[in-house]
Amino acid sequence: MNYILNESEMFADINEGTAIVINSQTGIYYGMNGFGTSVFENLLAGSSVEDVVAAAKSLSGAPAGVETALEAFLQTLSGFRIVLPADAPSSRPAELDAAAAAADAFTPECKEYRDVQELLYADPIHEVEEETGWTPEKS
Amino acid sequence: MKISVIIPVRNGSNYLKEALESIAAQGLDTETIVVDDGSVDNTAEIAAAFGARVLRHPESRGQVVAKNTGLAAATGDCVLFLDHDDRIREGALRTMGEALQAHPEAAAVQAKVKDFLSPEIGRMDGTVIRPDAYYGLFTGAILIRREAFAKTGPFPENIHDGEIIYWHTRMEQCGLAILKLDLVSTDRRIHNTNFGKTNKEKEYKDFATILRARLKGKK
């Protein structure tokens with residue numbers, strides 16, 4: 001199973017060990033903890049879920065429940081529509097951040113934030129192929 | 001209450017005159033500062049013809065740095081940063097200034113923006129704009145007490161856009177209040193060369209940088 005970024009709605013940026021995802025349609029944004037960022041980065045790079053789970057299980061100190069935690073994380077990403085199932089399967093050995101995993105107790109997280117939604121949603125410049133709620137100004 | 005209107009602009013001869021006319025139409029003794037960010041057209045001459053103070057960057061440093069340049073030179077009690085291609089509605093600056101005077105607890109007042117399609121743009125090019133007025137990602141509808149910047153600091157110069165999110169964050173962190181007014185103060189021009197439209201990827205990367213710092217501040 002592979003996932004890709006939902007590029008039609010989401011912009012993702014990974015820097016300083018923290019992934020930030022912005023929903024350009026709603027102004028909602030998402031922040032991930034260090035382990036979540038590492039998992040997310042590997043998924044976007046083409047690792048399958050199985051690759052990520054295998055890499056997580058191999059980390060020193062990984063608890064028995066790490067697979068469950070990863071499944072919950074993927075459900076969260078899918079629920080937020082940050083990622084979509086990929087059409088074509090791919091495999092790539094995942095390289096997870098062991099220090100981040102340990103610091104986050106092997107629990108990847110992605111949290112939703114709406115505190116600047118009004119500002120981000122208000123970004124008035126939109127290029128769309130189909131009108132989805134915004135309409136051309138009447139002349 | 002003296003108002004400084006700061007206009008950062010690069011090669012803005014197409015629309016700058018309309019922005020300056022909209023300031024003149026306010027009938028206030030405003031200080032108008034045009035920061036010419038390395039223009040190669042007659043932007044500076046247009047600004048000077050309206051009696052604006054013209055500050056010049058010999059080479060372009062971007063609109064965020066230009067705003068800081070204007071802010072450093074401003075002498076008004078409060079400031080508003082207007083894009084060169086937009087227009088302040090008649091009477092709006094007075095209303096905003098009076099609101100700020102009536103509410104000493106507020107460090108800034110924020111009005112609404114209304115988009116308009118620039119006349120030269122075709123209606124079939126895929127550009128759509130909001131039909132309603134809104135509180136936006138936009139400094140051109142916010143009048144800020146200049147003294148507030150002593151606490152928040154200037155805009156961050158490592159980004160090219162999204163400085164308003166940073167500013168909001170800093171206002172919150174400093175405990176400074178923003179009073180929202182039920183007023184449409186500013187008409188925002190939508191055209192083919194809007195910064196946001198032509199630099200979307202870069203723009204969102206700047207947003208992400210600011211939001212990442214915002215989240216760190218929450219911890």
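Let's start on the outer face of H4(B): turned away from the helix's buried side, that face carries two exposed residues, Glu98(B) and Ala102(B). Keep in mind, everyone, that we are looking at a predicted model.

Now turn to the other side. Helix H4 of chain B runs over residues 92-102, and its buried residues are Ala92(B), Leu93(B), Met96(B), Gly97(B) and Leu100(B). They cover an arc of only 130° around the axis, which is why they end up on the same side of H4(B). That fits the textbook picture: an α-helix has 3.6 residues a turn, so residues three or four places apart point the same way.

So what lies over that side? The cover for the buried residues of H4(B) includes six strands of chain B: S1 (3-9), S4 (78-81), S5 (87-88), S6 (106-117), S8 (142-145) and S9 (177-190).

One residue I'd like you to click on is Leu143(B). Beyond its neighbours within four places in sequence, Leu143(B) contacts Met96(B), Gly97(B) and Leu100(B), and its other partners include Ile3(B), Cys78(B) and Leu80(B). Leu143(B) also belongs to the largest nonpolar core, a set of 84 residues, where it joins Val21(A) and Ile22(A) as the residues with the most contacts inside.

Let me zoom out to the whole of chain B. Its secondary structure comes to eight helices and nine strands. The radius of gyration is 17 Å, close to the 17 Å from the globule rule for 219 residues, so chain B is as compact as a globular protein of that length. Buried residues make up 46% of the chain. And of the contacts with a separation of 6 or more, 77% link residues 24 or more positions apart.

Conventions:
Residues numbered from 1 in each chain as written. Chains lettered and ligands numbered in written order. Predicted model: local features only at pLDDT ≥ 70, side-chain atom pairs only at ≥ 80, totals over all residues. Helix = DSSP H or I, 4+ residues; strand = E, 2+ residues; numbered from the N terminus. Rg over C-alpha atoms; globule rule 2.2 N^0.38 Å. Buried ≥ 20, exposed ≤ 12 C-beta atoms within 10 Å, placed from the backbone. Contact = placed C-beta atoms within 7 Å. Core = buried A, V, L, I, M, F, W, Y, C linked by C-beta atoms within 7 Å. Arc of directions from axis to C-beta.
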